[in-house]
Structure formats: structure tokens, C-alpha cells
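Me: I should like a close look at one part of this model, namely a pair of packed helices and what surrounds them. Please give the cut-offs of the terms as you use them.

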Amino acid sequence: MLCTISRWMISRSEDTGKKMPRLIERHIVRCGACGEFARVSASLSSRLREERAAWLAKVPDFPVDLGRGLETTMQGARAIEAGRPLSRRLLFGLRPLPIAVTALVVVAAALVLFQVVPKGSAPTAQDRAAARAAIKSFTSAPGGLQGAVGKAESSLEREGRILGQSLSSAAEYLQARLNIKIERKEAPKPL
Amino acid sequence: MADHARTEEKTDDELAREARDGSRRSFEELARRYKRRLFVYLRPRLGSDEDAEDMVQDTFLKLYRNVGGYDPAYRFSTWLYTSANRLAIDSFRKNATVRRESAGVANDQLSDPAAGREAGTGESGLWDKAQALGETRFRVLWLRYGEDMTIDEIAAVLGRTRLAVRVLLHRARTSLAGLLGPDMCREARPRPAVARRSSGD
């Protein structure tokens, strides 16, 4: 038990630089294995650092072929710095996920803001024929288009005439009933 | 030529600052310095040289892509290893199925410190022995002694607490001392790495 604690304290001392308790120091002196552990731990740092370069040299070299990928990335970085617009391919190559998310947001916003209304159905052949016949009737009416317009106005005149007749009959009735004479005023002079 | 020599003399952090400002040469120099170091760090986790080389390239590409966001307050190596670690985790998750199928073989290849001691007699390299301790222990040893990182930096790279890193380092030291020193007392003799891996190490 004390060995386990001692070795943890040795490691703690290596990592944090804290001094070991006196009890542990005494144990290390007495226990050969813990003394060995302390010696190995103390030398481990320098030994590993010394051997690092030689060990790395044994690792076979390999090319870091950043090549086209790096070139593309660098073009992108340079274009951004120069304020030039990026080509679409490059843009997607650089940030595919943010661009996809942006596109989704734009489409969603467009759907929220604008309502899609279906267009009315196109006129059928019958509708077209009816429209053509109506135009023909206008153009073939007596007096042409003006005649058709005059014909439309005649209904107003008729109404005026009917109203005038009603008024004159009412006036006749009142004259007979009340034994008075009703005369029509002259039309007011224009200002 | 003189420029090239000057680039080689610069520190990593100077080169990283220049790369952030758009210097491709500085970035290439950083890649040249770190490619092997990153390779040995990633190799035990990924399982094959090809995967490790691909991961090194992916890491450098990712780094260059985000070099504008490099914060000089932190060491370049911390940034590099953190990115590499995250990419390795992603790759590990993607290949989890394949890995599970070959788990039997992989477990056989994981070193048992006792077996390592026998095998280690033929190996003079301390780092070879460290690599035989298993992936996690090797990584903390590499970051601590290969990259001279502090406990805080290792914790940031691995995404663990300081205490967890210290425990990992302690176990790695104990195992390594077990390989080096034949007279370890029975109480503190390290258990086989395979058995300890199942407990989350």
C-alpha cells in the first residue's frame, strides 16, 4: 500500500514539482523497488528527450502531399484577402456545410415570405372562340364600335324618357285632383 | 536560399504567425517539422501507416484552412495536436465497425508489459518500449516528453482533466519502469495493458 502511495507521490513530484512528504522520502530510502522507481522516473524525462531525435529519424520519411488541396485552399485564402469572388467550386470545396445551411435558410425564408399562388387555368379553345365572336359583333355592328357604344348609351336615354313620362302623368293627376295648373320650368341657363 | 535558411531558424510560433498572415513557405516549414512527430503520435491510434499518413495530411490541410484563426497566445504544437486528436476521433468513429471486426487481431498486437519486457530486451529504444505500452499511455508520454507539453496543455489536447492526465502519466511511468527495472516489487508491478484498457484507460 505504501509503495503504491509512494509511487504516486513520486509521479506527482515529477509533474507538479511539489516536494514529497518526509514519510515517503524515508520509504524510498528503505524500499529498493520504490527507490528504483524514483530513479527511473527521474531519469525518464532526460532519456526520452535524448532518444527522441534518433527515434524520429528511424521513422520513414513520407511526402506531405498537400498539393492540390493546399493549392486550392491557398487560392481561396488569397482570393478572400484580395476581395475577389471565389469560384463556386472552390467555395463549396472550402465550406460545404455552412453553404448548404445558408442555402436551406434562404429557401425557408423565401417560403415563409412569399406565398405560392397557382396561376389560373389557361383559356380554352371555346373561350377564345367566344372572345373572337364578341369582338366580331362589336366590329360588325352598325356604325362600328361607335354604334355599339351609342347602343349602350341608348338604355340611359330610355330610362330618362320613362322617368319623364312618369313625372308628366303624376303632374296631370295632381292638376286634375287639385284643380291647379302645373307648368314645367324652363331649363336653367348655364352659368 | 537565404530566405529558406532564415525560415528554418525561426521558431514554430513565429512560423505559425507568418502562416496566419499568408506565408505558404512558413506553413510548409511547419509541416516539414511536424509531419513525423504527428505521424508517430497518430500511428498507434489509427492502426496503419497509410491511415496515419492520410491523417497527417488532413490535419495540415485543416490547419491551413483555419490558420487565420490561430491564436498566438497558445503554442502551435498544442493547436496542431488538438486538431489531429479531433480528426483521429472522427476517423475512429467512422471506422468503428471495421475496427470491431479486427479487434481480435488488434488485442493480440497490444503489448503486454511482461511480453514487452522480453521483446524489449532486443530493443534499445525507450520510445519503442513506450509505444508498446498501448496507445493512450504512449500518447501522454509523447506529449509530455516528446513535445515538452505541460500538464495543462496535454489536458487541452486530449480533452481531459489535469488529474486524469496525471493519472495516465503515472500509469505510463509505472508500466515503463516495469519494463526497464526488473526489481519492481510485486505490489506495484503494472498489470497487463490489455486488462487495464477495459477499465477505461
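Reply: The crossing of α3(B) and α10(B) is left-handed, a crossing being left-handed if the near helix is turned anticlockwise from the far one by less than a right angle, and right-handed if clockwise. The model is predicted: local features need pLDDT of at least 70 and side-chain atom pairs count only at pLDDT 80 or more, while totals for chains, interfaces and linings use all residues. Residues are numbered from 1 along each chain as its sequence is written, and chains are lettered from A and ligands numbered from 1 in the order in which they are written.

The contact between the two helices involves B:R37, B:V40, B:Y41, B:P44 and B:R45 on the side of α3(B), and B:E135, B:F138, B:R139, B:W142 and B:G146 on the side of α10(B). Two residues are in contact if their C-beta atoms, placed from the backbone, lie within 7 Å. By class, the residues of this contact comprise 5 nonpolar, 1 polar and 4 charged. Here Ala, Val, Leu, Ile, Met, Phe, Trp, Tyr, Cys and Pro count as nonpolar, Asp, Glu, Lys and Arg as charged, and the others, Gly among them, as polar.

Two packed helices are described by the angle between their axes and the distance between the axes. For α3(B) and helix α10 (residues 135-146) of chain B, the angle is about 165° and the axes are 8 Å apart. Axes are lines fitted to C-alpha atoms, for helices over the stretch in contact, and angles run from 0 to 180 degrees between N-to-C directions. The two helices are therefore roughly antiparallel to each other; angles under 35 degrees count as roughly parallel, over 145 as roughly antiparallel, 65 to 115 as roughly perpendicular and the rest as oblique.

The setting of this pair is a chain with 13 helices and 0 strands. Helices (H or I, at least four residues) and strands (E, at least two) are DSSP runs, numbered from the N terminus. Of the 201 residues of chain B, 38% count as buried; a residue is buried if 20 or more other C-beta atoms lie within 10 Å of its own, exposed if 12 or fewer, and partly exposed in between, with C-beta atoms placed from the backbone. Among the contacts in chain B with a separation of 6 or more, 60% are between residues 24 or more positions apart.

The largest nonpolar core has 58 residues, of which B:L30, B:L38, B:L42, B:V56, B:L80, B:A84 and B:V140 touch the most other members. Helix α3 (residues 24-46) of chain B gives the most to this core, with 10 residues. A nonpolar core is a set of buried Ala, Val, Leu, Ile, Met, Phe, Trp, Tyr and Cys residues joined through C-beta atoms within 7 Å. One of the core residues named above, B:L80, touches B:Y34, B:L38 and B:L63, residues up to four places away in sequence not being counted.

B:L80 also takes part in a second helix pair, in which B:M55, B:D58, B:T59, B:K62 and B:L63 of α4(B) meet B:L80, B:S83, B:A84, B:L87, B:A88 and B:S91 of α5(B). This contact divides into 6 nonpolar, 3 polar and 2 charged residues. The axes of helix α4 (residues 49-65) and helix α5 (residues 76-94) of chain B come within 9 Å and cross at roughly 125°. α4(B) and α5(B) are therefore oblique to each other, and their crossing is right-handed.

The loop between α10 and α11 of chain B holds B:E147. With 19 other C-beta atoms within 10 Å, B:E147 is partly exposed. Leaving aside neighbours within four places in sequence, B:E147 is in contact with B:S77 and B:W142. B:E147 and B:T78 lie 69 residues apart in sequence, yet their C-alpha atoms are 9.2 Å apart in space.

B:D148 lies in the same loop, between α10 and α11 (151-158) of chain B. Phi of B:D148 is near 55°, a positive value in a residue other than glycine. B:D148 counts as partly exposed, with 13 C-beta neighbours inside 10 Å.
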